[in-house]
Amino acid sequence: MTFFAPGDKAAAIAHARYPDANGFPPEILEGIREEFSLNEPFFVQFFEWLMRFVQGDFGNSFASNTPVWDVFLANITETLTLTATSLTIGLIAAFCLSAISVWRPGSLADRCAVALASIGAAMPNYWLGLLLILLFAAHLGWLPAYGTGTPAHIVLPALTLSFWITASQTRLMRAFFLEAKSAPYVETLRLRGVSEAEIFWRHILRHAAIPALTMIGLDVAALLEGTIIVELTFARGGIGSLLAGAVLSRDYPLILFLVMFFALVYVFINTLIEILQDFLDPRTSLFAFKDADIRKGARS
């Protein structure tokens, strides 16, 4: 879609390379087209890039004329730090809210947790980010509104992303906890005199963790996409800001590399979740199904 977007690709690349220039002679623009083979058809350019990609050559950025891999490494740390911080805060908050909610279903705490989760699910990240900037940076002056460099710079972006994680996971964890709590074996454990705390930590939590892991994996993958909006809102460096700048400057090697990176992250996270689910519940593993088929065949 970026390739077929209107506008002069050579002019966009030239403006990215020389942002202070007002205009460019036709000779310079034509030289850029020749340098990056912009006059070639789309499929020719794509397959040339793909052949280099599978050989480990990710090409050079059109805008900075530096290797794409170096540009990626220079920005990935900021995104990983923001993602890890937001995920940690969001999951801890979601677990606490859902546990309190399940402990007394229908109580005031339960209704407040459900209402908070509903508000968070309906609130866009950029709007929440702007509200936090107005409150904590503009009016109170407690935290910086944009930039990077100190731990204080990550607080507002992390709160913005973690609030979405909290809202999403609170509703899901609450449903999984209630389902596990209503299982017949839970009442059997109570009749045996097992304490409520032991039932929750040793049985309900383990039972609910299996479906929760799948949804957490999907949210982690979506969290990387959410960093694009948040990094732009708070003027932070990172993969999100890098991708937005690459789209504006028609930096095709960088765009293709980042798209492939996000796709591989999705695949990796889903694979990791499958492995963790098999570890928590061996009955769902491939080997368990094969063993069951062998036993069934032996009986017949």
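A residue counts as buried when its relative accessible area is under 20%, and in this predicted model buried residues make up 39% of the 300 residues in the protein. The surface that the protein exposes comes to about 17,000 Å², of which carbon and sulfur atoms supply 68%.

The secondary structure consists of 12 helices and zero strands, so that a reading along the sequence gives the pattern α-α-α-α-α-α-α-α-α-α-α-α. As for how these helices are connected through space, 71% of the contacts between residues at least 6 apart in sequence join residues that are at least 24 apart.

The interior can be followed through the largest nonpolar core, which has 60 residues, and in which Phe 72, Phe 177, Ile 204, Leu 254, Phe 257 and Leu 258 are the residues with the most contacts inside the core. At least two residues of this core come from each of the helices H3 (42-54), H4 (68-103), H6 (125-139), H7 (155-181), H8 (184-191), H9 (196-233), H10 (239-248) and H11 (252-280), and the helix that gives the most is H9, with 13 residues. Leu 258 offers a local view of this packing: when residues up to four places away in sequence are not counted, Leu 258 touches Phe 72, Ile 239, Leu 242 and Leu 243.

Turning to the cysteines, a search of the whole structure finds zero disulfides. Cys 96 is partly exposed because its relative accessible area, 40%, lies between the 20% and 50% limits, and Cys 112, with a relative accessible area of 45%, is likewise partly exposed.

Terms used
Residues numbered from 1 in each chain as written. Predicted model: local features only at pLDDT ≥ 70, side-chain atom pairs only at ≥ 80, totals over all residues. Heavy atoms only, no water. Disulfide = S-S within 2.5 Å. Buried < 20%, exposed > 50% of the residue type's maximum accessible area, 1.4 Å probe, protein only. Core = buried A, V, L, I, M, F, W, Y, C linked by side-chain atoms within 4.5 Å. Helix = DSSP H or I, 4+ residues; strand = E, 2+ residues; numbered from the N terminus. Contact = heavy atoms within 4.5 Å. Areas by Shrake-Rupley, 256 points an atom, 1.4 Å probe, with all protein chains shown as cover.
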